[in-house]
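This report introduces selected features of one protein structure to a reader who has not seen it before. It begins with strand pairing, continues with cysteines, and ends with backbone geometry.

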Amino acid sequence: MSRLKVLLRGALISEIELNPDKEYIAGRKEGSDIRLQAEKGISREHFKLKWMDGHWVLQAISRFGEIFSLGQKIEETTLEHGQNFQVPPYEFQLLDVPDSDMASSDRGDANFSEVSKTVVGAAPQVPYIKLVNSVNQVTEMLRLEVGDLWVAGRDPSCQIVIPDQRVSRRQFEIHKVNGIFTILDLGSVNGTFLNGSSVSSTDPQPLRSGDAITVLDNTIYFELHDPNFKIKIGKIDIPSIPFEMSEVDDEVPRPMHMPTEIPEVVDGENQPQLDMDGGGPFTGVPPQNDQNQFYSFTKSPAATLKKGLANLSKPMLATLIIGILGLAAYFGGVFDEPTAPVPVTNEGDAYTKLSPRKQEEIKELYSLADQMLAQQKFDLALEKIRKIHEELPNGFKESRAMQVQAEQSLLTIIQQQEDEKRIREEEEQRKMFIEVAARCEKLISPSVDMDKLKECLIPIATIDPSNADYIRLTSTAEKLIMDRKLKEAEQQTYEEQVEQLQKLFAKAEKIQNEGYAFKAIKHYKIVKDAQLADPKNLKRKAKSRIEFIEKKIEEKTQKSMAQAETLFQEGKLKESVLSLREALVYDPTNQKIKDKIDSYTTELRRQMMVLYQESVIDESYGIVENSESRQGAKDKWKKIVEMDLDDGDYYKKAIIKLRKYGVM
């Protein structure tokens, strides 16, 4: 079998027996198998423990929460005996315990849950809050049943309302984690005190039954009650014991403080108020059928109780006292911290049986113990008192009270020393955090490496991942890295745009060099209008090229049109049209050139038609060859081929005629 130890800020708060047949979920979510406080960095479902191949396997199930083991952040690991892992501020340790040890340590019901087994042999307990006033009168009793977190303060929304305007709206909170109750101050103005010691606002302190919580002059008792108290009382048969009046002292030793029962409430019956005169921790249990968790009490005279006792005979009274003492001894385990019963013996009888020398020695020890207490030398006082109790187990005079005083004072001193030690450790930790943060600060630059920074910050992250310097440095580094990646992406985009524009310009140049002026202009315009980076001023060059080519085209067009006009006047219609067609190649959208070409082509076609018709008439009269007086059809066809355009209709017809007569 295995056991999981749970520590919160170094303090053991629970031990959980692990069942291999069960899978455990740990987190702050209500209903988790291992319930954690809602600390910063704790997820609703943080990690999982399950038994696999003979070992307990730890798996992280939170995307944001972190788990550390052996100084490293982990996602999954197989746990070995004694291995520790941390979920700050929690620390866990897995222990393999032999089955024999587990069996010998178990007390009580074998069906206890894993959480129940951490409090071996404890009776089921219900938490209560008892408010008392300045004269120790109980003013209110509150049963804490719903949930596992209760806030106290003057705000009406608090689960525990303190009716004092000087108290903070949210003064302190009580938290139940794995069966353990803790108290934490919520940064109140006047502070919260537990048994006279200040309650921390950062480190939860354990609560025990009977602890006194003080806020200004408001006293609140925290108590754990056994809900089966009445059932157990009913199962006890107390035999009557006869007493002779002469054998009963008038002054019976005062028994230990016994629990006071809240009377059963019967519908329609008015019950008297419960007298709590004398104060002290309330240990009663409210009625099981009462759904109201709040109880209000007012001081009432104890006449009824006194009158009832007065009606008892002395033997009956003695029997009642002995029965109460027996009940106290029987049910001592029900309460967390019962007051030790005062033995019903006669101290004077034991003392008088000592020799005179021993009596003097006892008196001397008692006197020295009293002096040591006055000088606050509590360890020396306890040494003297223990020597007295070796001779007189029931004590001498006030030695028992002196012993309690000395022990409590020593405990207070030890607590103060522990508090001072904790403060020193916290101060050393704070200085260490400052030194680590200063060292890691040097890594912050535009070229920061997040892995190196986190490695530098491990001493802080392992202890307190919510530390302000840790968050500040990692956030700064993340921003720098994001800015750097953004600049790198922008630079890459810029370089790609530059390269793309260069390719467009090179293509336009190639088309220009091939002589396609108009096409070159089109591509140069693409360069000029492109929304691309232009560190080499290619757009300006493209604009200049466009202007240059357009100027050249204009010059060539004017020259071609003038030349065509001259040829037309000379009757060289074919050459005129060809000249205009050449100009149209450079300026294909020039309508003026197109109109000229159409005009000259129409005239050329008219002339060729006349000449072709004459040749056909000559052919019909057999005048194919030339004669002395007349030109034959062949010469006319040759003239058409020479004068007409290659794509002209009569050019093609003339070729056909010449081929017919074997000329071509």
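The model described here is predicted.

**The open sheet**

Five strands, in the order β15-β14-β16-β17-β20, make up an open sheet with mixed pairing. Its edges are formed by β15, residues 160-161, and β20, residues 205-206, each of which pairs on one side only. In general, the strands of a sheet are joined by backbone hydrogen bonds in a parallel or an antiparallel sense.

The contact between β14 and β15 can be described in greater detail. Strand β14 spans residues 149-153 and pairs with β15 in the parallel sense over two bridges. Ala 152 has Ile 160 of β15 as its bridge partner.

**Cysteines**

How many disulfides does a search of the whole structure find? The search yields one disulfide. A bond of this kind is a covalent link between the sulfur atoms of two cysteines. Here the partners are Cys 440 and Cys 456, whose sulfur atoms lie 1.9 Å apart. The disulfide connects distant parts of the chain, with Cys 440 in helix α8 (residues 399-441) and Cys 456 in helix α9 (residues 450-456), 16 residues apart. The torsion about the S-S bond of Cys 440 and Cys 456 is about -100°, and the disulfide is therefore left-handed. Both Cys 440 and Cys 456 are buried.

Another cysteine, Cys 158, has a relative accessible area of 7%; because this is under 20%, Cys 158 is classed as buried.

**Backbone geometry in loops**

Most peptide bonds are trans, and most residues other than glycine have a negative phi. Several sites in this model may be read against that background.

The peptide bond from Pro 88 to Pro 89 is cis, and its omega is near 5°. Pro 89 belongs to the loop between β10 (84-87) and β11 (90-96).

Positive phi values occur at Gln 376 and at Asn 537, as set out below.

| Residue | Phi | Loop between | Relative accessibility |
|---|---|---|---|
| Gln 376 | near 60° | α6 (356-374) and α7 (378-391) | 59% |
| Asn 537 | near 55° | α12 (517-529) and α13 (538-569) | 37% |

Are these residues buried or exposed? Gln 376 counts as exposed because its relative accessibility of 59% is over 50%. Asn 537, at 37%, falls between the limits of 20% and 50% and therefore counts as partly exposed.

Definitions and conventions:
Residues are numbered from 1 along each chain as its sequence is written. This is a predicted model: local features need pLDDT of at least 70, side-chain atom pairs count only at pLDDT 80 or more; totals for chains, interfaces and linings use all residues. Side-chain values use heavy atoms; hydrogens and water are left out. Two strands pair if DSSP finds at least two bridges between them. Helices (H or I, at least four residues) and strands (E, at least two) are DSSP runs, numbered from the N terminus. A disulfide is a pair of cysteine sulfur atoms within 2.5 Å. Buried means under 20% relative accessible area, exposed over 50%, partly exposed in between (1.4 Å probe, protein chains only).
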